[in-house]
Amino acid sequence: MGLIRDRIMPSNSTDARNRAVVLLSGGMDSCVCASLAARDHDAAAVHVSYGQRTEERERRSFESICERLGIRDRLAVRNDALRAIGGSALTDENIAVPESHMIGAGVPVTYVPFRNAHFLAVAVSWAELLGADKVYIGAVEPDSSGYPDCRPAYYRAFNEVVKAGTKDGAIQIVTPLIAMRKAEIVTRGLELGAPFDLTWSCYQREDRACGVCDSCVLRLRAFREAGAQDPIPYAEAVARSS
């Protein structure tokens with residue numbers, strides 16, 4: 001169990017804009033967040049693999065999105081702690097990923113316990129090394145799966161931790177999408193030219209998105225409400241019914 005650095009690509013950037021680090025999972029929300037960060041800052045991107053079912057596909061999305069957005073500095077790490085801890089359908093093969101209609105009230109079994117704290121710790125550490133004053137994360141509260149580490153109060157509290165626990169106390173965690181509905185995020189991403197075609201949101205498949213897990217259903221609904229076509233491939237039966 002541990003944290004292993006897979007790859008780091010330093011750059012000799014002369015960009016006069018402030019540096020920022022963005023957490024980029026490869027999903028729809030993080031892609032829009034990365035597009036904002038790359039537009040406004042000299043951005044560096046972090047990706048964390050944690051033994052999730054679709055980790056290889058998400059890693060490919062991370063690399064491809066960075067290429068498209070021109071993000072040169074990249075840090076990809078593997079955190080084995082979350083898989084060792086388990087307790088989530090995303091990291092434990094003995095827990096089935098439920099279809100969206102099977103999820104009731106409360107926190108679903110796809111929640112990975114305190115996952116974003118692990119991600120933010122890596123991003124803040126790297127931001128401190130790079131001299132970046134912002135860490136972007138694409139957390140969303142409305143139209144989401146109801147994960148507790150996606151609530152605004154969580155990020156307000158985490159910012160206090162960062163302020164107290166870093167050398168200068170000047171790094172700020174930024175959540176530009178947190179109050180937006182998913183359809184609004186799609187619309188914003190289209191305005192930004194976010195590379196949705198390179199993203200991956202499915203919880204359980206890496207070839208074609210299943211279309212029935214909570215993440216797929218929320219994504220499909222968002223594109224439909226935004227009046228846009230989702231560009232990623234879905235399972236044939238889902239494609240026919242969408």
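In this predicted model, helices α1 and α6 are oblique to each other, because their axes cross at roughly 40° and an angle counts as oblique when it falls outside the ranges for roughly parallel, roughly antiparallel and roughly perpendicular. The two axes come within 10 Å, and α6 spans residues 182-192. In its handedness, the crossing of α1 past α6 is left-handed.

The residues that join this pair can be followed along both helices. From α1 come Met-28, Asp-29, Val-32, Ser-35, Leu-36 and Arg-39, and they meet Lys-182, Ile-185, Val-186, Arg-188, Gly-189 and Leu-192 of α6. Sorted by class, the contact of α1 with α6 comprises six nonpolar, two polar and four charged residues.

Helix α6 also has a crossing with α7. Here the axes come within 8 Å, at an angle of roughly 65°, and α6 passes α7 in a right-handed crossing. On the α6 side the contact is formed by Lys-182, Ala-183 and Val-186, while α7 supplies Leu-218, Ala-222, Phe-223 and Glu-225. This contact of α6 with α7 holds five nonpolar and two charged residues, with no polar ones. Lys-182 and Val-186 thus appear in the contact with α1 and again in the contact with α7.

A further pair is formed by α4 and α5. The axis of α4 comes within 12 Å of that of α5, a helix of residues 152-165, and the two cross at roughly 40°. That angle makes α4 oblique to α5. The crossing is right-handed. Asn-116, Ala-117, Leu-120 and Val-124 of α4 make the contact with Tyr-154, Tyr-155, Phe-158 and Val-162 of α5. By class, seven residues of this contact are nonpolar and one is polar, and none is charged.

The account now turns to empty space within the protein. Rolling a probe the size of a water molecule over the atoms reveals where such space is left. The structure holds one cavity of 30 Å³ or more, and the largest cavity has a volume of about 770 Å³. Its lining consists of 38 residues, among which Ser-25, Asp-29, Arg-115, Gly-138 and Tyr-203 lie nearest the centre. Two or more lining residues are given by each of α1 (28-40), β3 (42-49), α4 (115-130) and α7 (214-225). The lining of this cavity is made up of 18 nonpolar, 14 polar and six charged residues. Asp-29 links two parts of this description: it belongs to the α1 residues that meet α6, and Asp-29 is also one of the residues nearest the centre of the cavity.

Note on methods. Residues numbered from 1 in each chain as written. Predicted model: local features only at pLDDT ≥ 70, side-chain atom pairs only at ≥ 80, totals over all residues. Heavy atoms only, no water. 1 Å grid on protein atoms, 1.4 Å probe; cavity = no way out; pocket = protein on both sides within 12 Å on 5 of 7 lines; lining within 4 Å. Points joined across faces, edges and corners; volume = space filled by probe spheres on them. Helix = DSSP H or I, 4+ residues; strand = E, 2+ residues; numbered from the N terminus. Nonpolar A, V, L, I, M, F, W, Y, C, P; charged D, E, K, R; others polar. Axes fitted to C-alpha atoms, helices over the stretch in contact; angles between N-to-C directions. Parallel < 35°, antiparallel > 145°, perpendicular 65-115°, else oblique. Left-handed = near helix turned anticlockwise from the far one by under 90°. Contact = heavy atoms within 4.5 Å.
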